[in-house]
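Reader: Hello! Could you take me through one part of this model closely, the place where two cysteines are joined, and then show me how the rest of the chain is arranged around that topic?

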Amino acid sequence: CAIDTTVDYLNIRFVAEQQRKAIAARMESSKASEPAEHRGFDPALGDVAPGVDESSWVPTKLECTLGGKRQPLLPCLRSVHAEVAAHAD
């Protein structure tokens, strides 16, 4: 354990509180005068979240199938990783 003599350890909470207040004040000053309204959307109906059409976001093209059945990505990747790790080189 080393103590840095250039750090005022007794004053850290005070500095953190000052930073928190400065951030809160900045956020408060940038708030819109009117609350934002967001229309609801239903992905089952083909709706898209507001702003997505205008963004560069595209749905992932990655699919994972095991034994011809579509699988959730994480379990599929874990299974593939286990197979690769167990493979004798």
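Author: Happy to; what follows begins with the disulfide and then turns to the salt bridges, the surface and the whole chain.

This is a predicted model, in which local features need pLDDT of at least 70 and side-chain atom pairs count only at pLDDT 80 or more, while totals for chains, interfaces and linings use all residues. Residues are numbered from 1 along each chain as its sequence is written, and side-chain values use heavy atoms, with hydrogens and water left out.

Let us start with your cysteines. A disulfide is a covalent bond between the sulfur atoms of two cysteines. Here the term is applied to a pair of cysteine sulfur atoms within 2.5 Å, and by this rule the count comes to one disulfide. The partners are Cys64 and Cys76, with an S to S distance of 1.3 Å. Cys64 lies in strand 1 (residues 64-66) and Cys76 in helix 2 (residues 73-86), so the bond ties together parts that are 12 residues apart in sequence. Helices (H or I, at least four residues) and strands (E, at least two) are DSSP runs, numbered from the N terminus.

Are these two cysteines buried or exposed? Buried means under 20% relative accessible area, exposed over 50%, and partly exposed in between (1.4 Å probe, protein chains only). Cys64 is buried at 12%, and Cys76 is buried as well, at 1%. For the whole protein chain, 2% of the 89 residues count as buried.

Next come the charged pairs. A salt bridge is a side-chain nitrogen of Lys or Arg within 4 Å of a carboxyl oxygen of Asp or Glu, and the count by this rule is two. One of them joins Glu63 to Arg70, at 3.9 Å from N to O. Glu63 is exposed, with a relative accessible area of 52%, and Arg70 is exposed at 62%. Another salt bridge pairs Arg20 with Glu17, whose closest N and O atoms are 2.9 Å apart. Because Arg20 and Glu17 are three residues apart in helix 1, about one helical turn separates them. Arg20 is partly exposed at 46%, and Glu17 is partly exposed at 33%.

Helix 1 also holds Met27, which counts as exposed at 53% relative accessibility. Between Met27 and Ser55 there are 24 Å in space, C-alpha to C-alpha, and the two are 28 residues apart in sequence.

Now for the surface. Ile3, Val7, Tyr9 and Ile12 make a nonpolar surface patch of about 400 Å². Patches are made of residues with over 30% relative accessible area and no salt bridge, joining like charges within 9 Å and nonpolar side chains (Val, Leu, Ile, Met, Phe, Trp, Tyr) within 5 Å. Ile3 sits in the segment before helix 1 (12-29) and is exposed, at 69% relative accessibility.

Finally, the chain as a whole. It contains two helices and two strands, in the order α-β-β-α along the sequence. Its radius of gyration is 25 Å, whereas a compact globule of 89 residues would have one near 12 Å; the value is taken over C-alpha atoms, and the globule rule is 2.2 Å times the number of residues to the power 0.38. The C-alpha trace spans about 60 × 50 × 20 Å along its principal axes. The protein chain exposes about 8700 Å², with carbon and sulfur atoms supplying 58% of that area. Accessible areas come from the Shrake-Rupley method with a 1.4 Å probe, and for residues only the protein chains shown count as cover.
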